[in-house]
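Visitor: I am new to this structure and would like to understand the reasons behind the words used for it. Could you take me through them step by step?

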Number of protein chains: 2
Amino acid sequence: MKKEMEISYLHLNSKQVRRLIQNMPPEQDLYELADLYKMFADSTRVRILAALQRKELCVFDLAALLGISQSALSHQLRILKQAKLVKSRREGKIIFYSLADGHVESIFKQGLEHVRE
Amino acid sequence: MKKEMEISYLHLNSKQVRRLIQNMPPEQDLYELADLYKMFADSTRVRILAALQRKELCVFDLAALLGISQSALSHQLRILKQAKLVKSRREGKIIFYSLADGHVESIFKQGLEHVRE
DNA sequence: CAAACATATGAACAAATGCTCATATATAGT
DNA sequence: ACTATATATGAGCATTTGTTCATATGTTTG
């Protein structure tokens, strides 16, 4: 009987690796995680979210503030809304966007901490 | 003299919006933030990072574990390494990869919390 | 209702991304 | 030195992504 080895190399059948597989988050969660972070993976969207951290803003102000076209902004807002990261409310002609919940802010802050070392 | 209005619409010159701009994180940080989250924005990379959360693994085991080609994995590991999210150490022919620091884990967990509501 | 304003959307296109295939590099064993 | 093993890398390709341009939708005002 060989005794257990401590290396993991080519040990896909060993207890260690089987346990590792079982302890991994469900595949589904990992795909959703990637989808969530995709929202933060574009500088335009990150800048939008950063601006909305302070207060709600209308599309026109957001576009001017970030220096991007109304159309590009609108496309990105739609994406962020589908991902439930922002919400909107209408007031007459104007539509105000704001962050959907606190998670966005905490994800944001966590990332900044890492970036700033 | 008009008195201050409470709506923000078309108020790019107002105090409110000027303050908002000043309070935003520096542009540079936002670009780096997007680059950081790009690493988490692909399901292959997320799965790699998830596997490495438990323990270091060699390329061969990782590929088998995740069911992806050695080449695809190697390309992604290079990307993750350049982003300083993983590190590697050689032991003979074998190269073991592990997470570079605790930030990866906390970013990971934070995202999962959001995904799981 | 017509005109002006605020935002949304579809098509088209360029750039970025992730994979595969073939090949290169590095190490170990004989 | 030769071969096998483990990992890395470059080129090519298909897919995805973000933008622009033109146009559509919705809302207020005269």
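Visitor: How do you know how chain B is related to chain A?

Guide: In this predicted model, chain B can be laid on chain A with an RMSD of 0.1 Å by a turn of 180° and a shift of 0.0 Å along the axis. That is the relation of a two-fold axis. The same surface serves both copies, since 100% of the contact residues of chain B recur in chain A.

Visitor: What makes up the contact between the two chains, and how many residues does each chain give?

Guide: Chain B gives 57 residues and chain A gives 57 residues. The area buried between chain B and chain A is about 5300 Å², and carbon and sulfur atoms give 70% of that area. On the side of chain B, Tyr37(B), Gln110(B) and His114(B) lose the most area to chain A, together 13% of what that side buries.

Visitor: Why is the pair Arg47(A) and Glu27(B) called a salt bridge?

Guide: The closest N and O atoms of Arg47(A) and Glu27(B) are 2.9 Å apart, and the term asks for a side-chain nitrogen of Lys or Arg within 4 Å of a carboxyl oxygen of Asp or Glu, so the pair counts as a salt bridge. Between chain B and chain A the count is four salt bridges, and there are also 12 residue pairs in polar contact, both residues at pLDDT 80 or more. Several elements of chain B each supply at least two residues of the side that touches chain A, among them α1 (15–23), α2 (27–39) and α6 (102–115). By class, that side of chain B has 33 nonpolar, 10 polar and 14 charged residues.

Visitor: What makes Asp35(A) and Lys38(A) a salt bridge, and where do they lie?

Guide: Their side chains meet at 3.0 Å, N to O, and the limit is 4 Å, so the name applies. Asp35(A) and Lys38(A) both lie in helix α2 (residues 27–39) of chain A, three residues apart, about one turn of the helix.

Visitor: Is Asp35(A) buried, exposed or partly exposed, and how do you know?

Guide: Asp35(A) has a relative accessible area of 42%, and because buried means under 20% and exposed over 50%, a value in between is called partly exposed. Lys38(A), at 35% relative accessibility, counts as partly exposed by that reasoning.

Visitor: What makes Glu56(A), Arg89(A) and Glu91(A) a network?

Guide: Glu56(A) forms a salt bridge with Arg89(A), with the closest N and O atoms 2.4 Å apart. This pair links distant parts of the chain, as Glu56(A) is in the loop between α3 (43–54) and β1 (57–58) of chain A and Arg89(A) is in strand β2 (residues 86–91) of chain A, 33 residues apart. The side chains of Glu91(A) and Arg89(A) also meet in a salt bridge, at 2.6 Å from N to O. Glu56(A), Arg89(A) and Glu91(A) are thus linked in a network of salt bridges.

Visitor: Why is Leu99(B) called buried?

Guide: Leu99(B) has a relative accessible area of 13%, and buried means under 20%, so the word fits. The place of Leu99(B) is in strand β3 of chain B, and, not counting residues up to four places away in sequence, Leu99(B) touches residues including Leu49(B), Leu52(B), Leu85(B) and Val104(B).

Technical notes: Residues are numbered from 1 along each chain as its sequence is written. Chains are lettered from A and ligands numbered from 1 in the order in which they are written. Side-chain values use heavy atoms; hydrogens and water are left out. Contact means heavy atoms within 4.5 Å. Buried area is the accessible area (1.4 Å probe) that two parts lose on being put together, summed over both. A polar contact is a pair of N or O atoms within 3.5 Å; within protein, one must be able to donate a hydrogen and the other to accept it, and residues adjacent in sequence count only if both atoms are side-chain atoms. Helices (H or I, at least four residues) and strands (E, at least two) are DSSP runs, numbered from the N terminus. Ala, Val, Leu, Ile, Met, Phe, Trp, Tyr, Cys and Pro count as nonpolar, Asp, Glu, Lys and Arg as charged, and the others, Gly among them, as polar. Buried means under 20% relative accessible area, exposed over 50%, partly exposed in between (1.4 Å probe, protein chains only). Copies are superposed by least squares on the C-alpha atoms of residues with pLDDT of at least 70 in both.
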